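Colleague: I am new to this structure. Could you take me through it?
Modeller: Certainly; here it is.

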Amino acid sequence: MGDLLVARPENATALVTGASKGIGAAIAQALAADGWLVAVNYRSDEEGAKATVEAIEQAGGRAAAVHGDVTNGSPDELFDRVEAELGPVLALVNNAGVTADGLAIQLDDEAWDKVIGTNLTAAFRMTRQAMRPMIRARYGRIVNVASVVGPRANAGQANYAAAKAGLIGMTKTVAAEVARRGVTVNAVAPGFIATDMTKDLPDAALQAIPARRVGAPEDVGAAVRFLASDDAGYVTGTTLFVDGGMSA
Amino acid sequence: MAATITPEAVEKTVYGALPQFGVDESQISRDATFEELDVDSLDLAELSQIIEDEYGVQLKGDDVGKIKTVGDAIDLVVSRAG
């Protein structure tokens, strides 16, 4: 086996799915601040993606908005576009996610399939594609954005919990498969983070957080920035909880 | 454009790729088994990728599971041509 790279190659690019706003946008900005070229993937919110790119460029980084629905079409085509525009994808952050909540007894197949399809299956397909250049390069970083929901119960989100717990399981096994090629695979598990998805959080939920406050998207960005860094080269297969102590 | 598949060309590609996985060039022959060469499943997956990039021939996990020797790998790729 060729020597592993211990330092990120020069034009290494990070592809962040669902990065037009919220946690994805914060991750994109954190990676750009750490020197990654960043592909800001979006499905429908072109304006948000462009705003993320603009924020990165204003901070002195380099990024491009890249359209693509991760649940549809061919991941290799998306990767080709990113490589042509920025550089080889040596970091992938599977962040794109959806919810379709309901008590399990009332959750229909469509809501189940939609959430598993976007949050888990699409992340697998993207991961499979991303590993190809990474194992050849002897360097790669994959970070899956999971959730405290999955390891913990959350009534009304059986589909979401299954997908996120599945992501954590996938993270561990894929990490074990490619570790000897210098490719790390980790997950972050945000708790309650201030985004559109949590804006109607009841007070009782806050009481369940030891820190007694919701997190900021930047808290998650910082965790991903670390896991994608050269400093984290020996960290793989793990899940970093960013949850104010909820899972403690 | 995918390269033309001939047994000689595929042999050259495979022989050229194996040292990337730590294989000693002097040990490479058609009869050598991947086990003897200490080429593991991830190495074979990467070799499949090199072959796919070069010749456009996709080898799946099932295919790769059946091959035992360097010669098996070359023959499999050649048999998929055309």
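Colleague: How many residues does each chain give to the contact?
Modeller: Chain A gives 9 residues and chain B gives 6 residues. Please keep in mind that this is a predicted model.

Colleague: Which helices of chain A each supply at least two residues of the side that touches chain B?
Modeller: These are α4 (109–137) and α5 (158–178) of chain A. The largest share of that side, 3 residues, comes from α4(A).

Colleague: And how do the residues on that side divide into nonpolar, polar and charged?
Modeller: On the side of chain A that touches chain B, 5 residues are charged, 3 are nonpolar and 1 is polar.

Colleague: Let us change topic to α2 of chain A. How many residues does it have?
Modeller: Helix α2 of chain A has 13 residues, 46–58. From its first C-alpha to its last it reaches 18 Å, close to the 18 Å expected at 1.5 Å a residue.

Colleague: Which of its residues are buried?
Modeller: Ala49(A), Thr52(A), Val53(A) and Ile56(A) are buried in α2(A). Seen down the helix axis, the buried residues of α2(A) fall within an arc of 95°, so they line one face of the helix.

Colleague: Why would such spacing put residues on one face?
Modeller: An α-helix has 3.6 residues a turn, so residues three or four places apart point the same way.

Colleague: What do the buried residues of α2(A) pack against?
Modeller: They pack against α1 (22–33), β2 (37–42) and β3 (63–67) of chain A.

Colleague: Are the residues on the other side of α2(A), such as Glu47(A), buried or exposed?
Modeller: Glu47(A), Glu54(A) and Gln58(A), on the other side of α2(A), are exposed.

Colleague: What phi does Gly60(A) take, just after α2(A)?
Modeller: Gly60(A) takes a positive phi of about 95°.

Terms used
Residues numbered from 1 in each chain as written. Chains lettered and ligands numbered in written order. Predicted model: local features only at pLDDT ≥ 70, side-chain atom pairs only at ≥ 80, totals over all residues. Helix = DSSP H or I, 4+ residues; strand = E, 2+ residues; numbered from the N terminus. Expected span 1.5 Å × (residues − 1). Buried ≥ 20, exposed ≤ 12 C-beta atoms within 10 Å, placed from the backbone. Arc of directions from axis to C-beta. Contact = placed C-beta atoms within 7 Å. Nonpolar A, V, L, I, M, F, W, Y, C, P; charged D, E, K, R; others polar.
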